[in-house]
Amino acid sequence: MDTVLTKSPELAAEFIRNGGIVAFPTETVYGLGANVFNARAIKKIFKVKKRPGDNPLIAHVASVDQIKQLTSGINGRAEKFINAFFPGPLTIVLHKSERVSNIATAGLDTIGVRMPRLEIAREFLSACGTPVVAPSANISGRPSPTTWQSVAEDMFGKIECFLQGDMTEIGLESTVVDCTEETPLLLRQGAISLEELQAVVAGTKLHLPATGDLIKSPGLKHRHYSPRAKVRILDRDLQITDTDRVAFIGLKKHNETFKRELICDSIDEYAHSLYEFFRKCDRWSIDIIYCEPVEEKGIGAALMDRIRRAAQS
Ligand code: TXA
Ligand code: MG
């Protein structure tokens with residue numbers, strides 16, 4: 001298939017309106033978009049991403065009105081989060097409306113909704129004239145793409161169009177909060193932290209799935225965010241014997257000299273760079289990537305969550 005590369009949100013939106021799939025930037029990571037009401041296009045997303053059919057998609061909206069088309073109603077908790085954080089890197093899970101097909105939600109009666117704040121994403125979504133479901137634009141299991149070139153690595157020739165933008169600002173996927181029950185549950189950590197959610201709705205809790213109770217957050221049980229290289233959390237005392245095909249990412253320079261290393265100025269910068277560094281390490285045929293652990297505050301919690309998942313697989 002010919003893949004059209006464009007910087008025009010209007011042109012990219014035309015592909016969505018015609019039933020195509022478009023990769024587009026947001027402030028978190030690049031997404032792979034399709035019209036939420038086009039079952040055929042949604043099935044194609046699952047196919048090109050090799051995504052398990054039991055992992056639901058997030059619907060991206062340009063306005064609060066569009067949230068009303070997708071859900072059976074916006075409760076008080078959700079309204080508070082919307083007022084505080086939309087547009088921004090937060091996904092809110094609510095009961096879905098009849099209009100939304102089970103294919104998008106992987107059979108769940110709930111749907112995740114998110115309003116990105118990146119200007120080009122907002123222009124694109126407005127021009128689509130419909131909510132757009134979009135998982136991260138990687139092959140399932142690979143690190144989410146934060147540049148359009150990394151999208152191309154996984155998706156070139158497989159989808160109709162790429163909306164080209166800059167490297168994404170945050171670099172980790174959105175925070176996901178389930179608002180279907182009285183107590184909001186944080187399902188996936190992201191740039192908006194548990195503390196920030198609690199400042200808006202006091203009782204919000206971190207959802208720690210017990211075995212057999214993964215259904216609330218189906219995405220979390222799948223292999224995630226992994227480069228081909230092995231990822232290890234770097235303990236300061238760890239003896240590293242062979243630094244030849246070994247890389248390092250962190251905040252402080254380690255006493256070893258690695259073949260490749262990225263020293264970041266801040267935790268934000270570390271989060272922003274992590275996935276792209278993982279992908280670069282694969283291009284450089286690195287065997288092991290050592291990641292410096294950081295304090296689990298603010299985006300540090302999301303960063304450590306992603307590093308741990310990558311280290312597990
Ligand atoms: O930042 C992001 O959220 C990016 C950009 C493109 O917006 N998208 C993204 O989508 O990360 P994806 O599909 O890679 O991750 C969606 C996550 C999965 O963990 C999925 O299980 C969860 O959100 N999710 C989606 N709908 C849900 C629902 N109805 N109930 C519970 N979890 C849901
Ligand atoms: Mg993903």
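**Backbone geometry and packing in the predicted model**

Helix H6 is followed by Gly 157, which has a positive phi near 85°. The structure described here is a predicted model. H6 itself covers residues 148–155. Five of its positions are listed as buried: Ser 150, Val 151, Ala 152, Asp 154 and Met 155. These buried residues pack against several elements. Three of the partners are strands, namely S2 (22–24), S3 (31–35) and S8 (161–163). Helices H2 and H8 are the others.

The overall dimensions come next. The protein contains nine helices and 15 strands. A compact globule of 313 residues would have a radius of gyration near 20 Å, and the value for the protein, 19 Å, agrees with this. Along the principal axes, the C-alpha atoms fill a box of roughly 60 × 50 × 35 Å. Of the 313 residues, 57% are buried. Contacts with a sequence separation of 6 or more were also examined. Of these, 68% link residues 24 or more positions apart.

H8, one of the partners of H6, also packs with helix H9. Two packed helices are described by the angle between their axes and the distance between the axes. H8 spans residues 267–283 and H9 spans residues 299–312. Their angle is about 25°, and their axes lie 9 Å apart. Angles under 35 degrees count as roughly parallel, so H8 is roughly parallel to H9. The crossing of the two helices is left-handed. On the H8 side, the contact is made by Ile 267, Asp 268, Tyr 270, Ala 271, Leu 274, Tyr 275 and Phe 278. H9 contributes Ile 299, Gly 300, Leu 303, Arg 306, Ile 307 and Ala 310. By class, ten residues of this contact are nonpolar, one is polar and two are charged.

Strand S9 (residues 175–178) holds Val 176. The relative accessibility of Val 176 is 11%, so this residue counts as buried; the cut-off for burial is under 20%. Residues up to four places away in sequence were left out of its contact list. Val 176 then touches Thr 91, Val 93, Leu 185, Leu 186, Leu 187 and Arg 188. Ala 311 is 135 residues from Val 176 in sequence. The C-alpha atoms of this pair are 22 Å apart in space.

Several loop residues have notable backbone geometry. Most residues other than glycine have a negative phi, and most peptide bonds are trans. Lys 50, which is not a glycine, has a positive phi near 55°. Lys 50 sits in the loop between helix H2 (39–49) and strand S4 (58–60). With a relative accessibility of 59%, Lys 50 counts as exposed, because the class begins over 50%. Ala 106 also has a positive phi, about 55°, without being a glycine. The loop between S5 and strand S6 (110–114) contains Ala 106. A cis peptide bond is found between Phe 86 and Pro 87, with omega at about -10°. Pro 87 belongs to the loop that runs between helix H4 (76–85) and strand S5 (90–95).

Technical notes: Residues are numbered from 1 along each chain as its sequence is written. Chains are lettered from A and ligands numbered from 1 in the order in which they are written. This is a predicted model: local features need pLDDT of at least 70, side-chain atom pairs count only at pLDDT 80 or more; totals for chains, interfaces and linings use all residues. Side-chain values use heavy atoms; hydrogens and water are left out. Axes are lines fitted to C-alpha atoms, for helices over the stretch in contact, and angles run from 0 to 180 degrees between N-to-C directions. Helices (H or I, at least four residues) and strands (E, at least two) are DSSP runs, numbered from the N terminus. Angles under 35 degrees count as roughly parallel, over 145 as roughly antiparallel, 65 to 115 as roughly perpendicular and the rest as oblique. A crossing is left-handed if the near helix is turned anticlockwise from the far one by less than a right angle, and right-handed if clockwise. Contact means heavy atoms within 4.5 Å. Ala, Val, Leu, Ile, Met, Phe, Trp, Tyr, Cys and Pro count as nonpolar, Asp, Glu, Lys and Arg as charged, and the others, Gly among them, as polar. The radius of gyration is taken over C-alpha atoms; the globule rule is 2.2 Å times the number of residues to the power 0.38. Buried means under 20% relative accessible area, exposed over 50%, partly exposed in between (1.4 Å probe, protein chains only).
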